[in-house]
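Grab the viewer and work through these exercises one at a time. Try each task yourself before reading its solution.

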Amino acid sequence: MMYRRPFLCLLILAGCTTMDPSRRDTQPAPPPGGNLVVDGVPAVPADVLASLEAYRNARSASLLGWVGDGVLIATRFGNTTQLHRVDTPLGMRRQITFFPEPVAGASVNPDPGRNGFVYLKDTGGSEFYQMFWYDSATADSLLLGDGKSRYMGVSFSPTGQWLGYSTTERNGTDWDLHAQDLRGRHTVLQEGEGVGWTIEDWSADEGKVLVSRYISVNESRLYEIDVATGHRRRLLPDVTAAFGGIRYGPGANAYFTSDMNGEFRRLHRLDLDTGTITVLTEDAHWDVESFALSRDRKRMAYVLNEDGVSRLFATRLPDGGFIALPALPRGIISGLRFHPDNHRLGFTVRDAKAPSDAFSVDFRTRQLTRWTRSELGGIEAKRLVEPELIHYPSFDGRSIPAFVYRPHGPGPHPVIVSIHGGPEGQARPSFAANTQYYLHELGSAVIYPNVRGSRGYGKTYLKLDNGRRREDSVRDIGALLDWIAAVPDLDASRVAVTGGSYGGYMVLASVVHYGDRLRAGVERVGISNFVTFLENTQPYRRDLRRVEYGDERDPAMRAFLTSISPLTHVDSIKTPLLISQGLNDPRVPASESEQIVSALKEADIPVWYVLAKDEGHGFRKKSNRDYLGAVTAMFLKRHLLGHDEAAP
């Protein structure tokens with residue numbers, strides 16, 4: 001099917017050069033029938049488009065793996081994120097995939113003789129990811145799946161001979177575990193055991209795999225499967241806890257993260273023969289959020305999440321002695337990848353004043369190497385604002401962390417409260433062009449709260465919104481509004497709330513409970529009714545979501561979920577809303593947005609609606625994001641700031 005951009009998006013990308021700047025003309029909204037369908041959205045004023053120009057072209061780069069002595073990265077130069085090679089530090093980014101759809105990730109084959117990698121790509125944001133083998137010698141791509149099922153958790157064996165993965169191809173629901181090689185051989189490791197399964201690592205002789213099963217954010221399980229026989233044994237069968245990744249180490253050891261016997265996810269060593277467990281980060285009072293082992297199993301790197309900011313550590317194995325590291329950029333570190341030479345570690349760093357970029361350290365020389373330097377578009381680096389970490393008291397006396405971005409100049413400033421999704425996500429101080437736009441062009445402060453249920457603050461905090469305590473996290477937003485009212489440079493009479501996915505539910509719930517204190521709500525792909533959400537989300541994720549929110553098939557829980565759903569309380573909503581949705585969303589189906597929009601219109605509540613036919617759980621294509629950014633700016637100028645130039 002031919003991809004058609006709506007007329008407005010072409011005007012936006014062209015910079016609207018045909019307009020007479022002395023006139024207050026407006027651009028037409030995208031016409032229904034294109035990839036964007038809008039309802040109730042006024043025409044976009046030219047001054048809104050002009051104010052966004054400097055913020056639309058910021059770029060980022062994420063490290064995916066090593067290719068020779070260069071790196072494979074994901075970055076965007078056109079409309080979507082694609083794969084690029086960088087052969088020398090700060091060298092040219094050479095694009096190697098060219099698709100209208102973004103590439104979701106890639107895994108490089110560890111055998112340099114095979115000279116390629118596997119990448120994942122879906123269509124229209126459906127998240128039914130397909131696996132493709134990319135041959136670096138020929139630049140050809142080979143489809144490795146059936147072209148319609150979901151493939152995830154790609155894991156190469158140590159020699160690169162086998163590719164392990166989870167797939168729904170058998171019945172569309174279960175996460176079966178399979179392996180194949182590039183010559184067409186295929187083996188089933190496990191089938192018919194439900195959802196949540198992932199291959200974590202292969203043994204050195206490729207005869208066994210470590211696998212995990214995700215039950216909920218509070219519980220997961222670890223297993224080892226014999227590749228030849230399919231025999232599976234559960235590791236740590238008497239432990240109920242959350243587990244992160246697990247990797248084979250030297251000898252009979254395996255390394256894993258877990259919050260077992262503690263508040264935070266600590267790094268552990270497990271003797272696979274005796275079952276003996278050793279805690280390696282006993283003194284760390286924060287989560288170990290990721291770790292990686294070198295291919296020779298002689299080095300390990302791990303990242304601590306300290307109040308939202310990362311600290312990288314490296315140790316020798318098996319003695320655990322620390323390896324000295326050079327000074328590293330302060331920010332959020334992710335994507336740890338050891339080079340095949342076992343001496344170099346690559347990773348991605350991002351922070352509040354810089355987009356993500358690829359770096360590496362050499363353990364032999366203690367040298368830090370920067371591989372990419374991403375552009376800020378038209379944003380002046382010296383104007384970028386860093387957040388302040390604050391803690392405010394909630395209704396039960398609990399302290400809630402939040403990151404506060406303040407614009408330059410005296411207040412009182414209007415406020416935008418941005419709520420993360422998950423619900424177990426975590427707001428962290430990372431670069432966002434829209435945040436800087438709100439600060440500099442709207443003069444608005446932006447606050448990112450980590451309400452109860454957020455990860456990063458211990459498992460007790462993580463469980464505080466479970467089950468029938470769901471609305472306690474909404475009460476944390478009410479407490480934040482109280483905090484705003486007590487801060488002299490913030491204007492409590494001009495507050496908007498925004499969020500996506502579960503954060504979208506929080507937006508709707510906030511305007512239900514605190515509508516008299518909110519000027520506007522911006523909701524993206526949010527849950528409006530927990531019952532219909534659970535009934536209509538994709539089958540492969542339905543049971544996982546029931547563990548988090550409750551089982552709607554139980555009459556008592558169904559009644560409770562209905563009682564807290566924003567759709568039930570539309571008559572309490574008076575706040576204008578902007579709602580956006582991807583038609584192909586597999587997580588929160590488009591019906592969730594459609595039913596709340598319909599109910600709001602019926603109740604005569606101002607609502608603008610943007611539906612993208614070629615998107616899923618959020619907008620990933622630049623043209624769509626540019627248009628939604630313009631509409632959001634227009635909506636906030638009208639309803640938060642009270643500027644009448646945004647009137648229809």
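**Exercise 1. Find out which residues of helix α8 (residues 539–549) are buried, and what they pack against.**

Start with the helix itself. Going along α8, you should end up with Tyr540, Arg541, Leu544, Arg545, Arg546, Glu548 and Tyr549 as the buried residues. Keep in mind that this is a predicted model.

Now look for the partners. The buried residues of α8 pack against strand β17 (208–216) and against the helices α6, α7 (530–536) and α9 (555–564).

Finally, step off the end of the helix. Gly550 follows α8, and its phi is positive, near 120 degrees.

**Exercise 2. Work out how helices α5 (residues 472–485) and α6 (residues 502–514) cross.**

Two numbers come first, since two packed helices are described by the angle between their axes and the distance between the axes. Here the axes of α5 and α6 come within 9 Å and cross at roughly 60 degrees.

Next, name the arrangement. An angle from 65 to 115 degrees would count as roughly perpendicular and one under 35 as roughly parallel. The α5 and α6 pair is therefore oblique. As for handedness, the crossing of α5 and α6 is right-handed.

Then list who touches whom. From α5 come Ser473, Val474, Arg475, Ile477, Gly478 and Leu481, and from α6 come Tyr502, Tyr505, Met506, Ala509, Ser510, His513 and Tyr514. Sort the residues of this contact by character and you get eight nonpolar, four polar and one charged.

**Exercise 3. Decide how strand β21 (residues 253–258) is covered, and trace its pairing.**

Check burial along the strand: six of the six residues of β21 are buried, leaving it mostly covered. Split them by direction. Asn253, Tyr255 and Thr257 point one way, while Ala254, Phe256 and Ser258 point the other way, and all are buried.

Take the β20 partner now. Strand β20 (residues 243–248) runs antiparallel to β21, with four bridges joining them. One bridge to look up is Tyr248, whose partner in β21 is Ala254. The hairpin of β20 and β21 has four residues between the strands, and Gly251 in this hairpin takes a positive phi near 65 degrees.

Move on to β22 (residues 266–271). This strand pairs with β21 in the antiparallel sense over six bridges, and Asn253 stands opposite Asp271 there.

**Exercise 4. Lay out the open sheet that contains strands β8 to β11.**

Write down the order: four strands, β8-β9-β10-β11, with antiparallel pairing. Mark the edges, which are β8 (103–108) and β11 (140–143), each pairing on one side only. For the twist, ignore direction and average over neighbouring strands of this sheet: they are turned by 30 degrees against each other.

Zoom in on one pair. Strand β9 (residues 116–121) and strand β10 (residues 130–135) run antiparallel and are joined by six bridges. Phe117 stands opposite Tyr134 in β10.

**Exercise 5. Place Ala381: is it buried, partly exposed or exposed?**

Locate the residue first. Ala381 is found in the loop between β30 (367–370) and β31 (388–393).

Then apply the cut-offs: under 20% is buried and over 50% is exposed. Ala381 has a relative accessible area of 45%, so it is partly exposed.

Last, look around. Leaving aside neighbours within four places in sequence, Ala381 is in contact with Lys353 and Leu376. Thr167, by comparison, is 214 residues from Ala381 in sequence and 44 Å from it in space, C-alpha to C-alpha.

Conventions. Residues numbered from 1 in each chain as written. Predicted model: local features only at pLDDT ≥ 70, side-chain atom pairs only at ≥ 80, totals over all residues. Heavy atoms only, no water. Axes fitted to C-alpha atoms, helices over the stretch in contact; angles between N-to-C directions. Helix = DSSP H or I, 4+ residues; strand = E, 2+ residues; numbered from the N terminus. Parallel < 35°, antiparallel > 145°, perpendicular 65-115°, else oblique. Left-handed = near helix turned anticlockwise from the far one by under 90°. Contact = heavy atoms within 4.5 Å. Nonpolar A, V, L, I, M, F, W, Y, C, P; charged D, E, K, R; others polar. Buried < 20%, exposed > 50% of the residue type's maximum accessible area, 1.4 Å probe, protein only. Pairing = 2+ DSSP bridges.
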